[in-house]
Amino acid sequence: MFSEFPHLIDLNDHPVSWWNGLLELGENILRNPALYANSCKGKLMGTLFYEPSTRTQMSFQTAMLRLGGTVIGFDNPATSSVAKGENLKDTTKIVSGYADVIVMRHPIAGAAKAAALTADCPVINAGDGGHLHPTQTLTDLLTLKVEKKRLSGLTIGLCGDLYNGRTVHSLCKAMSCYPDNHFIMISTKELRMPSYIKDAIRAGGGTFEETESLEEVMDKLDVLYMTRIQKERFASEEEYLAQKDTYILTPKKMQLAKKDMIVMHPLPRVDEITVSVDDDPRAMYFKQAKYGMYIRMALILTMLQSTARTQLLRGREHPGVTCQNPKCITNFEAYLPKRFTGEGTTLTCEYCDHGLLLKH
Ligand code: NCD
């Protein structure tokens, strides 16, 4: 099913050439921001943030303001009609009638895709639960392009909460589409990368290995991507506390790394990188956050100028089947068509990518 509008729900809905075009534009904007100061004059962006955010929300807002456009929206659903019980479809339908582009962050997987199905303007996914975060990945790609001068032939260490961290999910999917990238996944057994992401890496032609020790692999890495343990996605405080503080990057561990390795982090940092690492020239996370503003300027501009139509759904409706992921949007918004790709007894939910096995 194609929408009438271009959307960014999952980067892999678009060809790599489209990402490369965005990166080129982002780099141009970074070098000559004044040239773009009025590119979105008269345009309005709606930000619907159902979940806390500092960088993503503010960098999107700043991006639109620096392009000469304006911004409306909420960052606390408790102060909007959501608090009165309004469903996702109605909220997005209304705001898409006011705004030229919507940016949405939501705690439930598949929410941005669900919103895009009926929105009357482009929708950008700014994070849907523990699922995907494509604009953080664009930020990461621009950081790698500028700081490492390449997007291929890299050994990338991913460390922390690989199960719940949406930023590493999107990053792996994207970087496996560039040649010769190798991922070293560093996590506890409980927080390993989900299998649908490993499948996507294999399908893209990337390779990976898994380990529990950061120290042992440190000297192999071109990039170390640290992540926070995603406290809000744990069922209990106890389970979170059992994982907290397993991996902490310190200046001592940095001594094991290559001289030109870079440390990235989507932020916010809790305590997985000590503040004393910040002065190391290889610490790239604050610069990375700034690159996020430029790539979001490129993205907004592209979405507003494009007449492309995005294919949102590829599978078919299975009315009697329920997605088994309790954190999938189809289990919260009952009107959504239950759509799955795949055939027979092995289906994949089109909203959250959760695989399910049907019993007959
Ligand atoms: C990340 C997110 O929201 O997923 N933050 C961000 O967008 N920069 C990472 C996180 O919250 O840990």
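Domain bounds, as used here, come from an automatic or database domain assignment. The exercises below concern a predicted model, and each is followed by a worked solution.

**Exercise 1. Domains**

State which domains the assignment gives for the protein chain, and how many Å separate their centres.

Solution. The first step is to read the assignment, which gives domain 1 as residues 136–289 and domain 2 as residues 316–357. The second step is to take the centres of domain 1 and domain 2 over C-alpha atoms, and these centres are separated by 29 Å.

**Exercise 2. The parallel sheet and its helices**

Work out the order of the strands in the sheet that contains β1, name its edge strands, and describe how helices α2 and α3 are placed against the strands.

Solution. Begin with the order, which is β2-β1-β3-β4 in an open sheet of four strands with parallel pairing. The edge strands, each pairing on one side only, are β2 (70–74) and β4 (123–128). From one strand to the next, the twist averages 15°.

Next, look at one pair of strands in detail: β1, which covers residues 44–49, runs parallel to β2 and is joined to it by five bridges. Within this pairing, Leu 48 has Phe 74 of β2 as its bridge partner.

Then add the helices. Helix α2, made of residues 55–66, lies across β1, β2, β3 (101–106) and β4, and it runs at about 175° to β1. Helix α3, made of residues 88–98, also packs on the sheet, where it touches β1, β2 and β3, and its direction makes about 150° with that of β3.

**Exercise 3. Helix α6 and its two partners**

Decide how α6 is oriented, first towards α5 and then towards α7, and name residues that make each contact.

Solution. Two packed helices are described by the angle between their axes and the distance between the axes.

For the first pair, the axes of α5 (residues 134–147) and α6 (residues 166–175) come within 8 Å and cross at roughly 55°. The angle lies outside the ranges counted as roughly parallel, roughly perpendicular or roughly antiparallel, and α5 and α6 are therefore oblique to each other. Their crossing is right-handed. On the α5 side the contact is made by Pro 134, Gln 136, Thr 137, Asp 140, Leu 141 and Leu 144, while α6 contributes Thr 167, Ser 170, Leu 171, Ala 174 and Met 175. Sorted by class, the residues of this contact of α5 with α6 are six nonpolar, four polar and one charged.

For the second pair, α6 and helix α7 (residues 195–204) pack with their axes 8 Å apart and at an angle of about 15°. Because angles under 35 degrees count as roughly parallel, α6 is roughly parallel to α7. The crossing in which α6 passes α7 is left-handed. Here His 169, Cys 172 and Lys 173 of α6 meet Tyr 196, Ile 197, Ala 200 and Ile 201 of α7. The contact of α6 with α7 has five nonpolar residues, one polar and one charged.

**Exercise 4. The antiparallel sheet**

Trace the sheet that runs from β10 to β13, and find which residues stand opposite each other where β11 meets β12.

Solution. Start again with the order: four strands form an open sheet, β10-β11-β12-β13, and the pairing is antiparallel. Since β10 and β13 (355–357) each have a single partner strand, they stand at the edges, and one side of each is left without a neighbour in the sheet.

Moving along the sheet, β10 (residues 316–317) is joined to β11 (residues 339–343) by two bridges, and the bridge partner of Arg 316 in β11 is Phe 340. After that, β11 pairs with β12 (residues 346–349) over four bridges. In this pairing Gly 342 stands opposite Leu 347, and Glu 343 stands opposite Thr 346. The two strands β11 and β12 form a hairpin with two residues between them, and Gly 344 in the turn has a positive phi of about 65°.

**Exercise 5. Backbone details in two loops**

Locate the loops that hold Pro 268 and Asp 180, and describe the backbone at each residue.

Solution. Pro 268 is found in the loop between β9 (262–264) and α11 (285–305), and the peptide bond that leads from Leu 267 to Pro 268 is cis, with omega near 5°. Asp 180 is found in the loop between α6 and β6 (182–186), and its phi is near 60°, a positive value in a residue other than glycine.

Note on methods. Residues are numbered from 1 along each chain as its sequence is written. This is a predicted model: local features need pLDDT of at least 70, side-chain atom pairs count only at pLDDT 80 or more; totals for chains, interfaces and linings use all residues. Side-chain values use heavy atoms; hydrogens and water are left out. Two strands pair if DSSP finds at least two bridges between them. Axes are lines fitted to C-alpha atoms, for helices over the stretch in contact, and angles run from 0 to 180 degrees between N-to-C directions. Contact means heavy atoms within 4.5 Å. Angles under 35 degrees count as roughly parallel, over 145 as roughly antiparallel, 65 to 115 as roughly perpendicular and the rest as oblique. A crossing is left-handed if the near helix is turned anticlockwise from the far one by less than a right angle, and right-handed if clockwise. Ala, Val, Leu, Ile, Met, Phe, Trp, Tyr, Cys and Pro count as nonpolar, Asp, Glu, Lys and Arg as charged, and the others, Gly among them, as polar.
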